[in-house]
Amino acid sequence: MKNKIILITGSTGGIGFQTALGLAKLGGTIILTGRNKTSSEASVMEIKQQSGNQNVDFLLGDLSTQAGIHSLAAQFKQKYNHLDVLINNVGHTQPTRSMTPDGVESVFAVNVVSPVLLTTLLMESLKAAISARVVTLTGGDTPNVLDINNLQSEKSYDGLITYSNSKVAMMAVMREYAERTKDSTVTMNVCYPGQASTNMTRSVTPEMFSGAMRLIYPLFKLITRPDGGKSAAKAAQSSIYLASSPDLEGVSGKYFDKNCKEKDWPLPAQDVSIRAKVWAEVQKVIRP
C-alpha cells in the first residue's frame, strides 16, 4: 500500500480507527475523518506511534449534513491530487427519529446518502488514480426484505430495525452505483466487519430493541463491553482486505463477509427495480 492515498470516514475510533491503523502499518498514506479536532489529532498521533508511519493526516467533517460532506470533499481535493481508496466506514443509529438540516431522516442520511454523495464528490479524484477502490461497510443481521416506502422511516421508526434497513438500502444503492461505474477504473465493493465493541454499539439503549428482543439486551451489553479495541481490530480485517488485497484488483460489485469471503447479496440488493428506486430516492434528497 506504499504511496497509496486512503481516506477513511468515521476513523477516530472503533473499526474505522483500527482499519486506519492496519493500513498505516502496510505503508499507506492515511487520512482520517472526524468531527472533533482534538480527538482527530489524538488519533493521528496514536496511529503514527503504533504504526511507525508518519504519513497520517485528518480532515474535519460532519457526514450527517450535506454541507459537511461537501466541505470534507473540498478539503481533500485542496490537499491531494488523487485518491486510491475511499472507505465509507461511518455509521449511525439512534433511539428516535430525527431530521438533518437537509430535511433527511438522520439514519438514512448517514448510512445511505453520505457514502453515495461523498463517493460522487470524490469520483474525479478516484478516477485520477491508476486503479481506485471504494469500500463501504454494512451492518449485521441485514434483512432480506426492504420496504421501499419506508426508507426514511416515514411510516415507522424502530431503533435497530431502522438501522438494519438503512444498511440494506445502502447495499442496494452501492451495488447500483457499482453497476453504473462498471466501465471505469473505480471498483466498488461492500463488506460486513462482524460484531465489535465501539462507541456506536455501546450507545445502543434497550428501547432500540424491538419487543421481546429487549430480553437479550444484557447479553448485548456484555458482548459490547470495552475490550481495548480487540474486537474492533478483528472487525477491521474485512475492510483492510478489500482495500489492499491484490486478489481484488478489478473486482467490483461484490459483497464480502467478516471472513473476507464473497457472499450473496441480500435479496433487495439483487432486485434491479429496488436498487433503482433506492438510487432515485438518494438522488432526490441530495441538494446541489
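## Lys-254 and its surroundings

Lys-254 is partly exposed, with a relative accessible area of 30%; buried here means under 20% relative accessible area, exposed means over 50%, and partly exposed is in between, with a 1.4 Å probe and protein chains only. You'll find Lys-254 in the loop between helix H10 (237-244) and strand S7 (255-256). Helices (H or I, at least four residues) and strands (E, at least two) are DSSP runs, numbered from the N terminus.

Leaving out residues up to four places away in sequence, Lys-254 touches Met-188, Asn-189, Val-190, Glu-262 and Trp-265, where contact means heavy atoms within 4.5 Å. Lys-254 also sits 9.5 Å from Thr-187, C-alpha to C-alpha, with the two positions 67 residues apart in sequence terms.

## What kind of model this is

This is a predicted model, in which local features need pLDDT of at least 70 and side-chain atom pairs count only at pLDDT 80 or more, while totals for chains, interfaces and linings use all residues. Residues are numbered from 1 along each chain as its sequence is written, and side-chain values use heavy atoms, with hydrogens and water left out.

## The overall picture

The protein's secondary structure adds up to 12 helices and eight strands. Of its 288 residues, 55% count as buried. Take the contacts between residues at least 6 apart in sequence, and 74% of them join residues at least 24 apart.

## The nonpolar cores

A nonpolar core is a set of buried Ala, Val, Leu, Ile, Met, Phe, Trp, Tyr and Cys residues joined through side-chain atoms within 4.5 Å. The largest one has 50 residues, and Phe-76, Met-174 and Val-278 touch the most other members. At least two residues of this core come from each of strand S1 (5-8), helix H3 (66-79), helix H4 (106-121), helix H5 (123-127), strand S5 (132-137), helix H6 (159-180), strand S6 (186-191) and helix H12 (272-285). H6 gives the most, with nine residues. Apart from this core lies another, of 27 residues, among them Ile-87, Cys-191, Ala-243 and Phe-256.

What does Phe-76 touch, once neighbours within four places in sequence are set aside? Its contacts are Ile-5, Leu-7, Ile-31, Leu-59, His-82, Leu-83, Leu-122 and Ser-125.

## How the helices pack

A word on geometry: axes are lines fitted to C-alpha atoms, for helices over the stretch in contact, and angles run from 0 to 180 degrees between N-to-C directions. Angles under 35 degrees count as roughly parallel, over 145 as roughly antiparallel, 65 to 115 as roughly perpendicular and the rest as oblique. As for residue classes, Ala, Val, Leu, Ile, Met, Phe, Trp, Tyr, Cys and Pro count as nonpolar, Asp, Glu, Lys and Arg as charged, and the others, Gly among them, as polar.

H6 and H12 pack at about 95°, with axes 8 Å apart, so they are roughly perpendicular to each other. H6 brings Ala-169, Ala-172, Val-173, Arg-175, Glu-176, Tyr-177, Glu-179 and Arg-180 to the contact, and H12 brings Arg-275, Ala-276, Val-278, Trp-279 and Val-282. By class, that's eight nonpolar, no polar and five charged residues. H3 and H4 meet at an angle of about 30°, with their axes 10 Å apart, which makes H3 roughly parallel to H4. Gln-66, Ile-69, His-70, Leu-72, Ala-73 and Lys-77 in H3 meet Val-113, Ser-114, Leu-117, Leu-118 and Leu-121 in H4. This contact divides into seven nonpolar, three polar and one charged residue.

Helix H1 (residues 14-25) and helix H2 (residues 37-51) pack at an angle of about 40°, their axes 9 Å apart, and that makes H1 oblique to H2. From H1 come Phe-17, Ala-20, Leu-21, Ala-24 and Lys-25, and from H2 come Ser-43, Glu-46, Ile-47, Gln-50 and Ser-51. The split for this contact is five nonpolar, three polar and two charged.

## Two residues with positive phi

Asn-3 has phi near 70°, a positive value in a residue other than glycine. Asn-3 belongs to the segment before S1 and is exposed, with a relative accessible area of 70%.

Cys-260 isn't a glycine either, yet its phi is positive at about 65°. Cys-260 lies in the loop between S7 and strand S8 (262-263). Is Cys-260 buried or exposed? At 18% relative accessibility, Cys-260 counts as buried.
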